[in-house]
Amino acid sequence: MSTLPSSEDMSHAMLIALLMHHGGSMILPAQAFETDAMGGPDGSFHAVEMTPLSDGTLRLSVVPRPAGNNGRTEDRGR
């Protein structure tokens, strides 16, 4: 992977990469978009963490969103 997208474009880039890897579309149950799945009404939404693996692949994981509203990309090492 050459460069990461900007923080503002990261969610969109991950979504497109995930969909393209799975042939362009995925089928999800409607419940996947309910408040409890996406984050609470108090704004406790989740973030996506991208972890490079030693075999050259990436692991995408849902993690609690950091405090505040400033989008950013953090490099936590490999």
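**Exercise 1. Find the order of helices and strands along the chain.**

Step 1. Read along the sequence: the pattern is α-α-β-β.
Step 2. Count the elements: the chain has two helices and two strands. Both are DSSP runs, numbered from the N terminus: helices are H or I with at least four residues, strands are E with at least two.
Step 3. Know the model. It is predicted: local features need pLDDT of at least 70, side-chain atom pairs count only at pLDDT 80 or more, and totals for chains, interfaces and linings use all residues. Residues are numbered from 1 along each chain as its sequence is written, and side-chain values use heavy atoms, with hydrogens and water left out.

**Exercise 2. Decide whether Pro 64 and Thr 51 are buried, partly exposed or exposed.**

Step 1. Set the cut-offs. Buried means under 20% relative accessible area, exposed over 50%, partly exposed in between (1.4 Å probe, protein chains only).
Step 2. Take Pro 64, in strand S2 (residues 58-64). Its relative accessibility is 67%, so Pro 64 is exposed.
Step 3. Take Thr 51, in strand S1 (residues 46-52). Its value is 26%, so Thr 51 is partly exposed.
Step 4. Check the spacing. Pro 64 and Ala 47 are 17 residues apart along the chain, with 5.9 Å between their C-alpha atoms. Thr 51 and Ser 61 are ten residues apart in sequence, and 8.1 Å apart from C-alpha to C-alpha.
Step 5. Turn to the chain: buried residues make up 6% of its 78 residues.

**Exercise 3. Place Met 26 and name the nonpolar patch on the surface.**

Step 1. Locate Met 26: it lies in the loop between helix H1 (10-21) and helix H2 (35-38).
Step 2. Classify Met 26. It is partly exposed, because its relative accessibility is 40%.
Step 3. List the patch: Leu 18, Met 26, Leu 28, Phe 33, Val 48 and Leu 60. Together they have about 560 Å² of accessible area.

**Exercise 4. Describe the lining of the second largest pocket.**

Step 1. Count: 13 residues line this pocket. Nearest its centre lie Met 14, Ala 17, Leu 18, Leu 58 and Leu 60.
Step 2. Trace the sources. H1 and S2 each supply at least two lining residues. The largest share, six residues, comes from H1.
Step 3. Sort the lining: ten residues are nonpolar, three polar and no residue is charged.

Methods: Patches are made of residues with over 30% relative accessible area and no salt bridge: like charges are joined within 9 Å, nonpolar side chains (Val, Leu, Ile, Met, Phe, Trp, Tyr) within 5 Å. Accessible areas come from the Shrake-Rupley method with a 1.4 Å probe; for residues, only the protein chains shown count as cover. A salt bridge is a side-chain nitrogen of Lys or Arg within 4 Å of a carboxyl oxygen of Asp or Glu. On a 1 Å grid over the protein atoms alone, a cavity is a set of points where a 1.4 Å probe fits but cannot get out, and a pocket is an open set with protein on both sides within 12 Å along at least five of seven lines; lining residues have an atom within 4 Å of a point. Ala, Val, Leu, Ile, Met, Phe, Trp, Tyr, Cys and Pro count as nonpolar, Asp, Glu, Lys and Arg as charged, and the others, Gly among them, as polar.
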